[in-house]
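Grab a pencil and work through a few helix-packing exercises. Each one comes with a task and a step-by-step solution.

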Amino acid sequence: MFVKKNVNPKLLSPLNLAFIGDCVYEMLVRETLVKAANRPVNDLHHESVGYVSAKAQTIAFDKIKDVLSEEEMSVFKRGRNAKVGHNPKSASQGEYHTATGLEALFGYLYLTDQNDRIRDLFAIITDED
């Protein structure tokens, strides 16, 4: 972590977890794409959208849902069930809520310093062994 301030992620709202988790997830995607090949930034951006859209994150959750612990599933559900306050434009309501749950999970894992678990789940999502 870059900031030394301690926080108890269990006391944060699920949308706060999703806020940081969105960044964590996108960083994993960007790192994966950059490490795969040296390409124009515009190409990288277009490819990253295929990973970070609500539809793509719904597919990602389907890949990891069977390996989540009880605690991880609980965090996901808190994020999924959070009232987001707006309707998505390019995804269904269900996809958007699932994506929010996935982001909350990644935010929680990040804030609890579970970086190895983040990498393990992301490897399953990207089909890396």
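**Exercise 1.** Work out how α2 and α3 are oriented to each other in this predicted model.

*Solution.* Start with the axes: those of α2 (residues 41-52) and α3 (residues 54-64) come within 5 Å and cross at roughly 50 degrees. Next, the cut-offs: angles under 35 degrees count as roughly parallel and 65 to 115 as roughly perpendicular. The crossing angle fits neither range, so α2 and α3 are oblique to each other.

Now for who touches whom: on the α2 side you'll find Gly50, Tyr51 and Val52, and they meet Ala54, Ala56 and Gln57 of α3. Sorted by class, that contact has four nonpolar residues, two polar and no charged.

**Exercise 2.** Do the same for α1 and α5: how are they oriented to each other?

*Solution.* Helix α1 (residues 14-36) packs against helix α5 (residues 93-111) at about 85 degrees, and the axes are 6 Å apart. Since 65 to 115 degrees counts as roughly perpendicular, that is the label for α1 and α5.

Then look at the contact residues. From α1 they include Leu17, Ile20, Val24 and Leu28, and from α5 they include Leu102, Phe106, Tyr110 and Leu111. The class tally for this contact is 14 nonpolar, three polar and two charged residues.

**Exercise 3.** Find which residues of α3 are buried, and what covers them.

*Solution.* Buried means under 20% relative accessible area. In α3, Ala54, Ala56, Gln57, Thr58, Ala60, Phe61 and Ile64 are buried. As for the cover, it includes α1, α2, α4 (70-80), α5 and α6 (115-125). Putting this together with Exercise 1, Ala54, Ala56 and Gln57 meet α2 and are also buried.

Methods
Residues numbered from 1 in each chain as written. Predicted model: local features only at pLDDT ≥ 70, side-chain atom pairs only at ≥ 80, totals over all residues. Heavy atoms only, no water. Axes fitted to C-alpha atoms, helices over the stretch in contact; angles between N-to-C directions. Helix = DSSP H or I, 4+ residues; strand = E, 2+ residues; numbered from the N terminus. Parallel < 35°, antiparallel > 145°, perpendicular 65-115°, else oblique. Contact = heavy atoms within 4.5 Å. Nonpolar A, V, L, I, M, F, W, Y, C, P; charged D, E, K, R; others polar. Buried < 20%, exposed > 50% of the residue type's maximum accessible area, 1.4 Å probe, protein only.
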